[in-house]
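Thanks, everyone, for making the time this morning. I would like to walk through the pockets and the nonpolar cores of one model, so please bring up the sequence and the structure as I go.

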Amino acid sequence: MKITLSQFAGFCDGVRRAFDIVNNLDEAKTKKPVFVLGSLVHNQDVVDRIEEKGIRKIDMQKFLDAEPGEIGTLIITAHGVGPQIYETAKEKNIELIDTTCPRVIKVQRLAQLYVKKGYSIVLVGDKDHKEVRSIFEWGGEKAAIVSDEDDLARLNLGQTEKIIILSQTTQSKDFLELVHSRLRERYPSVEIMDTICLTTDQRQDEIKKLAAENEAVVVIGGKESANSNRLFEIAKSINEKTVFIERVDQLEDSFLQGAQSVAVTAGASTPDWIIEGVMKRLERL
Ligand code: SF4
C-alpha cells in the first residue's frame, strides 16, 4: 500500500510557537499558580502534557470571577482573547503569557481599525470558536458573525453602511467566497479582506488533491479543532473512504481493507508524535 503524508500535516507555526513558549516556560521566574485559558490546542495529548507541568486549565467565567491572588499567571492561547481579558488581568495584577498567533492578532487589529473607520464587520467563522470570539470582541457592537447560510440569510445591514468581510484564519475558502458573492448581490460595495491563514489554504488545497488521488484518506485531529474538522469535510466530500481520528488506536484495520493507497493529513493542533504513531501503524499494516 502506498502511503502519502501531507507536507503540511501537523502543528502550524502559531500552534508550534504557543506550544514551545509553554513547554520552555521558566518555572522559577513564573508567578504561581499558572493557568491556561481553555485548551492550549485542541488536542488531549498536548493538554495532558501541559497539565503534567502543573499548569491548570481555567475557563473564561472562572477567570473573570477569580479573586485577586488566586491566579498568578494566565497563559493566553494562540486563538487570542478579547480586550476584557487584558483589562481584568491588569486590574487583578495577573501576569500574562500571551501566545496569540501573530496572524490572529492581525485580524483582531483589522477588526478594531475598520470599526474605527465606521465599518460594520461581517466575520465569517464558527461562532463558538475561541479565535472568532476574540476577533468579534475586538470588533465590538459593529461586528456580526456568519457561521452558516442561515446566519447569512438573517444578516440585515443598512444599504448605506460600509461593510467589510473578515474571516476566521482557519475558515474554508469556499464558504468565504460564497458569503462574499451573496453579500455583493445585496450590498454591492461590500469589501473583503481575506484573512485565511496561508497554512490553512495550503492544507485545504493539498487535501483536495490527495483525496482525489488516493483510495483512502486518514485525517488526524481533535474533534474540537475547527481546521481538522474542515479537512475531514473536504476530504470526505471528494473521497467517501475518509476517516477522522484523534489517536492512533482509533484507526481500525478494516478501514484500509482493499485500499492500495492512502493519504494522511493532520490538523494544525496535531502534535508530531501522534502523526508519527499513525504513520508507523500504517506502515505495519
Ligand atoms: S492556523 Fe495560521 S493563524 Fe491559525 S494559529 Fe495557525 S499559523 Fe496562526
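Let me begin with the second largest pocket, which lies between domain 2 (13-100) and domain 3 (103-192), because both domains give residues to its lining; the domain bounds come from an automatic or database domain assignment. Before going further, I should say that this is a predicted model, in which local features need pLDDT of at least 70 and side-chain atom pairs count only at pLDDT 80 or more, while totals for chains, interfaces and linings use all residues. Residues are numbered from 1 along each chain as its sequence is written, and side-chain values use heavy atoms, with hydrogens and water left out.

By pocket I mean, on a 1 Å grid over the protein atoms alone, an open set of points where a 1.4 Å probe fits, with protein on both sides within 12 Å along at least five of seven lines, and lining residues have an atom within 4 Å of a point. Volume is the space filled by probe spheres set on the points, which are joined across faces, edges and corners.

The second largest pocket holds about 220 Å³ of space, and of its 14 lining residues, Leu-37, Met-60, Gly-80, Val-81 and Lys-130 lie nearest the centre. Two or more lining residues come from each of β3 (56-58) and α6 (130-139), with α6 giving the largest share, 4 residues; helices (H or I, at least four residues) and strands (E, at least two) are DSSP runs numbered from the N terminus.

The largest pocket, at about 250 Å³, is lined by 15 residues, and those nearest its centre are Gln-171, Ser-172, Phe-175, Arg-230 and Glu-233. Domain 1 (2-10 + 198-284) and domain 3 each contribute at least three residues to that lining, and α10 gives the most, with 5.

Turning to the interior, the largest nonpolar core, meaning buried Ala, Val, Leu, Ile, Met, Phe, Trp, Tyr and Cys residues joined through side-chain atoms within 4.5 Å, has 20 residues. Buried here is under 20% relative accessible area, with a 1.4 Å probe and protein chains only. At least two core residues come from each of α1 (13-23), β2 (34-37) and α2 (44-52), and α1 supplies the most, 4 residues.

Which residues does Ile-55 touch? Leaving aside residues up to four places away in sequence, Ile-55 touches Val-22, Leu-25, Val-34, Phe-35, Val-36, Ile-50 and Ile-75, where contact means heavy atoms within 4.5 Å. A second, separate core of 18 residues includes Ile-220, Ile-245, Leu-256 and Val-278.

Technical notes. Buried < 20%, exposed > 50% of the residue type's maximum accessible area, 1.4 Å probe, protein only.
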